[in-house]
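Please load the model in your viewer and keep the sequence panel visible. The tour below proceeds by selection, from the whole chain to individual side chains.

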Amino acid sequence: MTTTKPAVSFLGLGEMGSALAGALLRAGHPTTVWNRSAAKAAAHLDAGATVATTAADAVEAELIVVCLFDHASVHEVLDPIADRLTGRRLLNLTTTSPDGARELARWSAAIGAEYLDGGIMATPEMIGTPQAGVLYSGSRQLYDDLRSVFATWGTTEYFGDDAGMASLYDLALLSSMYVMFAGFFHGAAMVGAAGVPAKEFATRAAGWLRTVVPAITEYAEVIDGGDYSVPGQQSLEFSDISDIVDASRAQGISTELVDVVQRLIHRQIDAGHGTDGVARVIESIRHPEAAA
């Protein structure tokens with residue numbers, strides 16, 4: 001049967017790689033899969049995938065998707081078959097650093113391959129739903145030509161020809177998530193010391209966080225404007241979290257998480273900015289050399 005849908009090969013079939021490949025198979029794309037553990041590749045046979053026995057056999061497709069464990073594993077798989085990749089189009093969805101993505105882009109250019117990097121903002125279960133999103137940077141031509149493929153996985157957004165930008169956004173967004181979760185864990189530990197189940201605390205924390213999240217856009221406007229003295233902002237002095245630190249200590253739990261926030265706040269207060277808005281804390285993060 002003939003098809004106009006691009007053929008795609010997958011190198012790496014962990015939970016995320018399997019979800020990505022499965023979405024394309026359901027959408028009718030000719031799909032070749034390879035994994036170092038052959039059983040994971042064989043699991044896609046019933047869905048119509050072609051199973052390659054080696055990575056070299058898997059790269060005869062319009063798009064080669066690499067979804068491996070880390071930056072080093074990308075080179076472990078691709079370096080031995082570099083001569084087979086000349087003229088090919090590579091999409092790297094392996095989580096790596098911005099500099100790692102840029103290095104892979106240079107490596108690809110040196111062997112004559114076109115490179116696009118991607119940051120997946122989704123869990124495997126979300127792939128193929130409107131809740132999933134993938135951020136892209138690198139080759140604009142590759143992104144434009146195969147955007148219909150990428151849309152199969154979720155929403156798409158392109159961040160320019162600097163291959164490291166998708167990774168930078170990905171990790172920056174994840175940092176927000178991890179710090180938020182850590183704040184919840186700290187709060188759950190505080191009330192947990194008094195016998196409150198984490199599940200009970202979660203019902204209140206989720207509602208509270210939904211209420212305060214819109215303030216992010218207000219803080220962003222202040223940060224971009226560069227004027228932390230704008231009236232109406234919560235001041236750094238008012239934002240002192242000594243009560244949280246003391247209450248945590250009294251509950252017998254670690255204060256290391258809230259200590260970090262307190263230090264960021266007080267670095268700016270000690271520099272004479274106590275009446276400025278709390279968004280000024282970003283200056284403590286931007287200029288760590290001023291910590292002394």
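Begin by selecting D276, which counts as buried at a relative accessibility of 13%. Note before going further that this is a predicted model. Add R280 to the selection: a salt bridge joins R280 to D276, with 3.2 Å between the closest N and O atoms. R280 is buried as well, its relative accessible area being 16%. Both values fall under the 20% cut-off for buried residues.

**The whole chain**

Now select the full protein. Its C-alpha atoms fill a box of roughly 70 × 40 × 30 Å along the principal axes. Colouring by secondary structure will show 12 helices and 8 strands. Of the 292 residues, 42% count as buried. If contacts are drawn between residues at least 6 apart in sequence, 61% of them join residues at least 24 apart.

Switch to a surface representation. The accessible surface comes to about 15400 Å², and carbon and sulfur atoms account for 58% of it. Colouring by charge brings up 19 positive and 35 negative charges, whose mean positions are 5 Å apart.

**A nonpolar patch**

With the surface still displayed, select M180, F181, F185, W208, L209, V213 and I216. These residues form a nonpolar patch on the surface, with a combined accessible area of about 700 Å². Two elements, helix 7 (165–192) and helix 8 (198–212), each give two or more residues to the patch. Which of the elements supplies the largest share of the patch? Helix 7 does, with 3 residues.

Centre the view on W208, which has its place in helix 8. Is W208 buried or exposed? W208 is exposed, at 57% relative accessible area, and this value lies over the 50% cut-off for exposed residues.

**Helix 9 and the residue after it**

Next, select residues 215–225, which make up helix 9. This helix is hardly covered: among its 11 residues, the count of buried residues is 1. Extend the selection to G226, which follows helix 9 and has a positive phi, near 75°.

**Salt bridges**

Return to sticks for the charged side chains. How many salt bridges does a search of the whole structure find? The search finds 12.

Select D145 and R89, whose side chains meet in a salt bridge at 2.8 Å, N to O. D145 lies in helix 5 (residues 140–145) and R89 in strand 5 (residues 89–92), so this pair ties together parts that are 56 residues apart in sequence. The two partners differ in exposure: D145 is partly exposed, with a relative accessible area of 40%, whereas R89 counts as buried at 15%.

Move to E283 and R286, where the side chains form a salt bridge of 2.9 Å, N to O. Both residues are in helix 12 (residues 281–286), and because they are 3 residues apart, about one helical turn separates them. An α-helix has 3.6 residues a turn, so residues three or four places apart point the same way. E283 counts as buried at 16% relative accessibility, while R286 counts as partly exposed at 44%.

For the final stop, select E60, R84 and R88 together. Salt bridges link these residues in a network.

How values were computed. Residues are numbered from 1 along each chain as its sequence is written. This is a predicted model: local features need pLDDT of at least 70, side-chain atom pairs count only at pLDDT 80 or more; totals for chains, interfaces and linings use all residues. Side-chain values use heavy atoms; hydrogens and water are left out. Buried means under 20% relative accessible area, exposed over 50%, partly exposed in between (1.4 Å probe, protein chains only). Helices (H or I, at least four residues) and strands (E, at least two) are DSSP runs, numbered from the N terminus. Contact means heavy atoms within 4.5 Å. Accessible areas come from the Shrake-Rupley method with a 1.4 Å probe; for residues, only the protein chains shown count as cover. Lys and Arg count as positive and Asp and Glu as negative; His and the chain ends are not counted. The place of a charge is taken as NZ of Lys, CZ of Arg, CG of Asp or CD of Glu. Patches are made of residues with over 30% relative accessible area and no salt bridge: like charges are joined within 9 Å, nonpolar side chains (Val, Leu, Ile, Met, Phe, Trp, Tyr) within 5 Å. A salt bridge is a side-chain nitrogen of Lys or Arg within 4 Å of a carboxyl oxygen of Asp or Glu.
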